[in-house]
Amino acid sequence: MGEMEQLRKEAESLKDQITAARKAVQDSTLQEAAAGITVVGRIQMKTRKTLRGHLAKIYAMHWSTDSKLCVSASQDGKLIVWDSITTNKVNAIPLKSSWVMTCAYAPSGNLVACGGLDNMCSIYNLKGKDGNVKVMRELAAHTGYLSCCRFISDTEIITSSGDCTCILWDIETGTQKTVFAGHQGDCMSLAVAPDFKFFISGACDFTAKLWDIREGTCRQTFGGHESDVNAIGFFPNGNAVITGSDDATCKLFDLRADQELITYQDSSIMCGVTSLAPSLSGRLLLAGYDDFNVNIWDMLKAERVGKYMWKLYIPLENGRKVDPAEDSEGSCRVAAGTEH
Amino acid sequence: MEEMDLPQMKKEVESLKYQLAFKREKSSKTVTDLVKWIEDGVPEDPFLNPELMKNNPWVEKGKCILL
């Protein structure tokens, strides 16, 4: 037997052992634990604000930690920082490359980042001395498109790419600190844990992976989806992961028991999930779909408790928002917010 | 999906060994904790409490806003 064949067999055996180890701790289900709980009542949403100004598709947006400012990226070649309460544009940043696919707001509020088909992550300083917003760093090393980026701090950022890897960067030196390799398909999205020790990535290999930021290792891999994982997020307390896929379902994975808890699906939903966000308590899951709908799920009962067309509103919660699947009108809608 | 070469396959096997070693907790404990955490948080969740929504900063207070 060749070495490759031996390794393949070993890999299959290890995967079987992991499956067995997961079964061994599965002495309860979410359905059982939530059996005595009533489904939440119907959720009504209202459009509260419309942020107009972009001239082409808006591909991404990200809230600032203050839940008032947010940044959006459009293929009109602009990054716009909005005051969502007044709907004023705080900054309109022209981009070198208009093929932007993602943007991020630093927790401090000092920096924003974006990237896309240029394979780079560009960092912009919003608080420069002369008031002008300039490119601070261009992080180049990925050999594929930048699908997502998220700041850990003003000095570190994590990026995910179509080259199947994620990278932790040192922003000051512009160099790679750690490369997270292991996915067998384009990495589509990432989310950082509330404690900033881990991050999760969703990819076109149909899996989600949990990574230890400091160790550089993949601690857990979650399969089960039947197509690309486009959207990913942490459950608010950091103990579970939520994924959204082209297979039209969302799934909840328990990090402590290392397994899938439940699937959010409905036979009437046949299009992919593009974005998601849990509510403050984690009771509700807001998910954006390719048909421009946002579905609201009761996370404990796996029942749909609300459905809204993007034209009516995009719900936001806890500083997160569900991106419109593809906002072709060039405006970005934000609604019925919440405070921490 | 990509086919792995030899070095990648070796890394994959190493990673799987590491992932297998993870200390899994019983789901009866983890799921109960999750449900409790949610239920404890529901009273503070604005989407589930109309009372809390009254402080919604995005609702227009009047016809004009002083900028």
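Reply: A salt bridge is a side-chain nitrogen of Lys or Arg within 4 Å of a carboxyl oxygen of Asp or Glu. This is a predicted model, in which local features need pLDDT of at least 70 and side-chain atom pairs count only at pLDDT 80 or more, while totals for chains, interfaces and linings use all residues. Residues are numbered from 1 along each chain as its sequence is written, chains are lettered from A and ligands numbered from 1 in the order in which they are written, and side-chain values use heavy atoms, with hydrogens and water left out.

Me: How many salt bridges does the rule find across the interface of chain B and chain A?

Reply: The rule finds five between the two chains. In one salt bridge, the side chains of B:Arg24 and A:Asp258 meet at 2.8 Å, N to O.

Me: How many residues does each chain bring to the contact, and what area is buried between them?

Reply: Contact means heavy atoms within 4.5 Å; chain B contributes 47 residues and chain A 71. Buried area is the accessible area (1.4 Å probe) that two parts lose on being put together, summed over both. Here that area is about 5200 Å², with 66% from carbon and sulfur atoms. Within chain B, the residues that lose the most area to chain A are B:Arg24, B:Phe47 and B:Trp58, together 17% of what that side buries.

Me: Strand β23 of chain A is the next feature; are its residues buried or exposed?

Reply: Strands are DSSP runs of E of at least two residues, numbered from the N terminus. Buried means under 20% relative accessible area, exposed over 50%, and partly exposed in between (1.4 Å probe, protein chains only). In β23(A), residues 284-289, six of six residues are buried.

Me: How should the two faces of such a strand be read?

Reply: In a regular strand the side chains alternate between the two faces of the sheet. On one side of β23(A) lie A:Leu284, A:Leu286 and A:Gly288, on the other A:Leu285, A:Ala287 and A:Tyr289, and all are buried.

Me: Which residues stand opposite A:Leu285 and A:Leu286?

Reply: Two strands pair if DSSP finds at least two bridges between them. Strand β22 of chain A (residues 273-278) pairs with β23(A) in the antiparallel sense over five bridges, and A:Pro278 faces A:Leu285. Five residues separate β22(A) and β23(A) in a hairpin, where A:Gly282 in the turn has a positive phi of about 85 degrees. β23(A) also pairs with β24(A), residues 293-298, in the antiparallel sense over five bridges; there A:Ile296 is the bridge partner of A:Leu286. The hairpin of β23(A) and β24(A) has three residues between the strands, and A:Phe292 in its turn has a positive phi of about 70 degrees.

Key
Helices (H or I, at least four residues) and strands (E, at least two) are DSSP runs, numbered from the N terminus.
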